[in-house]
Amino acid sequence: HVHECRAEPSRILRSIRKEISGKLLNKVLVLKRKINEVHVQVSGVQGALEETQKDPDMLALMCLTAQRAREEAENAHSDGGHGGSRANGNDSPAATSAVSAASTVG
C-alpha cells in the first residue's frame, strides 16, 4: 500500500498537467483561428491596394477624387459656405468631409 500511496500524487499531478495543458491548447487554438481570420482580411486589403497601385487609371481616379474634394472644400470656405460650384450639388460641409473620407479610403 505504501508504494500505491507514493504513486497516487504522481498520477494526480499528471492528470492536473494534462487538464491544464488541454485548456491552454484550446485557448491557443481559438486565438490562432482569430489571428488567421485577421490575416486573411489584411491580405485581401493588401492585395486590393497593390492592384490599385499597379493600375495607373485607378491611381488617377483616386487623385482626381481627392483633388475634387479639396477644391470643393476651398470653394465652400471662399464662398462662406453658401453657393459654390459643387459637382454633386450638395453644399454641406458634411458632404465634403464624406467625399474626402471616401477618397482616402477607396
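How many salt bridges does a search of the whole structure find? The search finds 3, and they are taken up one by one below, after a word on the overall make-up.

1. Model and fold. This is a predicted model. The protein chain contains 3 helices and 0 strands, and its elements follow the order α-α-α from the N terminus. Helix α1 covers residues 2-54.

2. Burial and surface. Of the 106 residues in the protein chain, 8% are buried. The chain has an accessible surface of about 8800 Å². Carbon and sulfur atoms account for 62% of that surface.

3. Arg11 and Glu8. These two side chains form a salt bridge, with an N to O distance of 3.5 Å. Arg11 and Glu8 are 3 residues apart in helix α1, so about one helical turn separates them. Arg11 is partly exposed, its relative accessible area being 42%. Glu8 is partly exposed too, at 35%.

4. Lys23 and Glu19. A salt bridge joins the side chains of Lys23 and Glu19, at 3.4 Å from N to O. Both residues belong to helix α1, where they sit 4 residues apart, about one turn of the helix. Glu19 has a relative accessibility of 48% and therefore counts as partly exposed, as this value lies between the limits of 20% and 50%.

5. Glu51 and Lys54. The closest N and O atoms of this salt bridge are 3.9 Å apart, a value that falls within the 4 Å cut-off. Glu51 and Lys54 both lie in helix α1, with a spacing of 3 residues, about one turn of the helix. The two partners fall into separate exposure classes: Glu51 is partly exposed at 48% relative accessibility, whereas Lys54 is exposed at 62%.

6. Thr52. This residue is also part of helix α1. Is Thr52 buried or exposed? Thr52 is buried, because its relative accessible area is 12%, and the limit for burial is under 20%. Leaving aside residues up to four places away in sequence, Thr52 touches Met58, Leu59 and Met62. Helix α1 ends at residue 54, so these three contact partners have numbers beyond the range of that helix.

7. Points to check against the model. Thr52, buried at 12%, can be viewed alongside Glu51, partly exposed at 48%, and Lys54, exposed at 62%. For the salt bridges, the N to O distances to look up are 3.5 Å for Arg11 and Glu8, 3.4 Å for Lys23 and Glu19, and 3.9 Å for Glu51 and Lys54.

How values were computed. Residues are numbered from 1 along each chain as its sequence is written. This is a predicted model: local features need pLDDT of at least 70, side-chain atom pairs count only at pLDDT 80 or more; totals for chains, interfaces and linings use all residues. Side-chain values use heavy atoms; hydrogens and water are left out. Helices (H or I, at least four residues) and strands (E, at least two) are DSSP runs, numbered from the N terminus. Buried means under 20% relative accessible area, exposed over 50%, partly exposed in between (1.4 Å probe, protein chains only). Contact means heavy atoms within 4.5 Å. Accessible areas come from the Shrake-Rupley method with a 1.4 Å probe; for residues, only the protein chains shown count as cover.
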